[in-house]
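Hi,

Here is the structure I said I would pass on. Have a look at it first, and then read my notes underneath.

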Amino acid sequence: MCRMLAYNGDDKEHLRRLTNCLVKASLNDPLANETHGDGWGIVAITSNNLIHYRSHLPIFKDENLEKILNLLDGEMKVIIHARQASDKKLVSPYYSHPYLESTPKSTLFLAHNGTVDKYKLGSMLGIDLTHMVDSELVAKYLATYDVKEVVKLQDFTQSALNLLIMEINRIDRSSTIYFYNYYRKDRITRKEEYYKLYFNKGAVYSSSLAYAGCEKGEEVKFGNLGEL
């Protein structure tokens with residue numbers, strides 16, 4: 001399970017407040033009494049920068065977080081993800097989100113909370129998944145079939161399909177952040193609140209941030225692909 005946020009705007013202090021809540025929730029999740037310390041990552045785009053950074057370090061221990069935030073200014077689109085790995089042998093920057101996929105038409109970054117059936121999805125995609133995790137396959141699926149086909153991934157979902165996606169159009173270089181909130185109410189192992197996403201002031205974020213110092217905002221509509 002993981003905690004994450006997405007932001008679209010120009011209020012750097014608001015982004016810092018959100019990031020601080022993410023760091024707090026990662027160190028001690030108020031909804032699950034657990035730590036999300038198995039790596040973290042960020043993708044950020046501004047008028048001057050495209051930053052994609054992934055680390056095996058906990059977000060609350062990596063000094064590069066502050067250095068990266070200092071590089072961001074003006075209009076920005078940002079996704080930050082803190083990971084809790086189900087398999088501790090796969091704690092590595094290679095497995096930290098956001099994942100990157102590239103096609104002739106676009107570049108796609110994806111952060112995911114939850115689990116999907118990687119064997120079923122890998123078989124459908126025809127991919128050898130020996131050294132891959134489920135979230136990578138979700139990114140490959142969306143890059144292959146289009147972000148708007150995300151609803152079909154419900155059939156592969158085992159717990160949750162909480163997604164933050166940044167897509168950059170190669171033709172006009174425009175960028176869009178998408179968000180998607182879906183979970184299997186019959187299979188989740190924590191309280192339902194844990195799996196919700198909230199929207200507030202140009203940001204979408206995991207519910208734990210609303211209990212770690214940030215405003216609760218408005219609950220993201222269940223099973224609906226939105227744009228930030």
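Below is what I found, going from the sheet to the helices, then the salt bridges and a few backbone oddities.

One thing to keep in mind from the start: this is a predicted model.

**The sheet**

Let's begin with the strands. Seven of them, in the order β3-β2-β4-β1-β10-β9-β11, make an open sheet, and the pairing is antiparallel. Its edges are β3 (50–55) and β11 (218–219), each of which pairs on one side only. At the β11 end, the partner is β9 (residues 197–200), and the two are joined in the antiparallel sense over 2 bridges. If you want a residue to look for there, Tyr 198 has Glu 219 in β11 as its bridge partner. Hold on to Glu 219, as that residue comes back further down.

**Helix α1**

Which strands does α1 lie across? Helix α1 (residues 12–27) lies across β1 (2–9), β4 (76–83), β9 and β10 (203–206), and runs at about 180 degrees to β1. The helix has 16 residues and spans 23 Å from its first C-alpha to its last, which is close to the 22 Å expected at 1.5 Å a residue.

Quite a list of α1 residues is buried: His 14, Leu 15, Leu 18, Thr 19, Cys 21, Leu 22, Val 23, Ala 25 and Ser 26. What do they pack against? The buried residues of α1 pack against β1, β4, β9 and β10, and also against the other helix I want to show you, α2.

**Helix α2**

Helix α2 (residues 64–71) lies across β2 (40–45) and β3, running at about 170 degrees to β3. Its buried residues are Leu 65, Ile 68 and Leu 69. Why do these three end up on the same side of α2? They cover an arc of only 100 degrees around the axis, and that puts them on one side of the helix. The general background is that an α-helix has 3.6 residues a turn, so residues three or four places apart point the same way.

On the face turned away from that buried side, α2 carries the exposed residues Lys 67 and Leu 71. The buried residues of α2, for their part, pack against α1, β2 and β3.

**Salt bridges**

The count comes to 9 salt bridges. Here are some of them.

- Arg 16 and Glu 66 form a salt bridge, with the closest N and O atoms 2.9 Å apart. Arg 16 is in helix α1 and Glu 66 in helix α2, so this pair ties together parts that are 50 residues apart in sequence. Arg 16 is partly exposed, at a relative accessible area of 22%, and Glu 66 is partly exposed too, at 39%.
- Asp 186 pairs with Arg 184 in a salt bridge, the closest N and O atoms being 2.8 Å apart. Are these residues buried or exposed? Asp 186 is exposed, with a relative accessible area of 58%, whereas Arg 184 counts as buried at 17%.
- Glu 215 forms a salt bridge with Lys 201, with 3.1 Å between the closest N and O atoms. Glu 215 sits in the loop between β10 and β11 and Lys 201 in the loop between β9 and β10, so the pair ties together parts that are 14 residues apart in sequence. Glu 215 is partly exposed, with a relative accessible area of 46%.

There is also a network of salt bridges that links Glu 193, Lys 196 and Glu 219. That is the Glu 219 from before, the bridge partner of Tyr 198 in β11.

**Backbone oddities**

Which residues have a positive phi without being a glycine? One is Lys 201, with a phi of about 50 degrees. This is the Lys 201 that forms a salt bridge with Glu 215, and at 51% relative accessibility Lys 201 counts as exposed. Another is Asp 146, with a phi of about 100 degrees. Asp 146 is found in the loop between α4 (134–145) and β7 (162–169), and counts as partly exposed at 38% relative accessibility.

Lastly, take a look at the peptide bond from His 97 to Pro 98: this bond is cis, with omega near 0 degrees. Pro 98 belongs to the loop between β4 and β5 (99–102).

Cheers

Notes:
Residues are numbered from 1 along each chain as its sequence is written. This is a predicted model: local features need pLDDT of at least 70, side-chain atom pairs count only at pLDDT 80 or more; totals for chains, interfaces and linings use all residues. Side-chain values use heavy atoms; hydrogens and water are left out. Two strands pair if DSSP finds at least two bridges between them. Helices (H or I, at least four residues) and strands (E, at least two) are DSSP runs, numbered from the N terminus. Contact means heavy atoms within 4.5 Å. Axes are lines fitted to C-alpha atoms, for helices over the stretch in contact, and angles run from 0 to 180 degrees between N-to-C directions. Buried means under 20% relative accessible area, exposed over 50%, partly exposed in between (1.4 Å probe, protein chains only). The arc is that of the directions from the helix axis to the C-beta atoms. A salt bridge is a side-chain nitrogen of Lys or Arg within 4 Å of a carboxyl oxygen of Asp or Glu. The expected span of a helix is 1.5 Å times one less than its number of residues.
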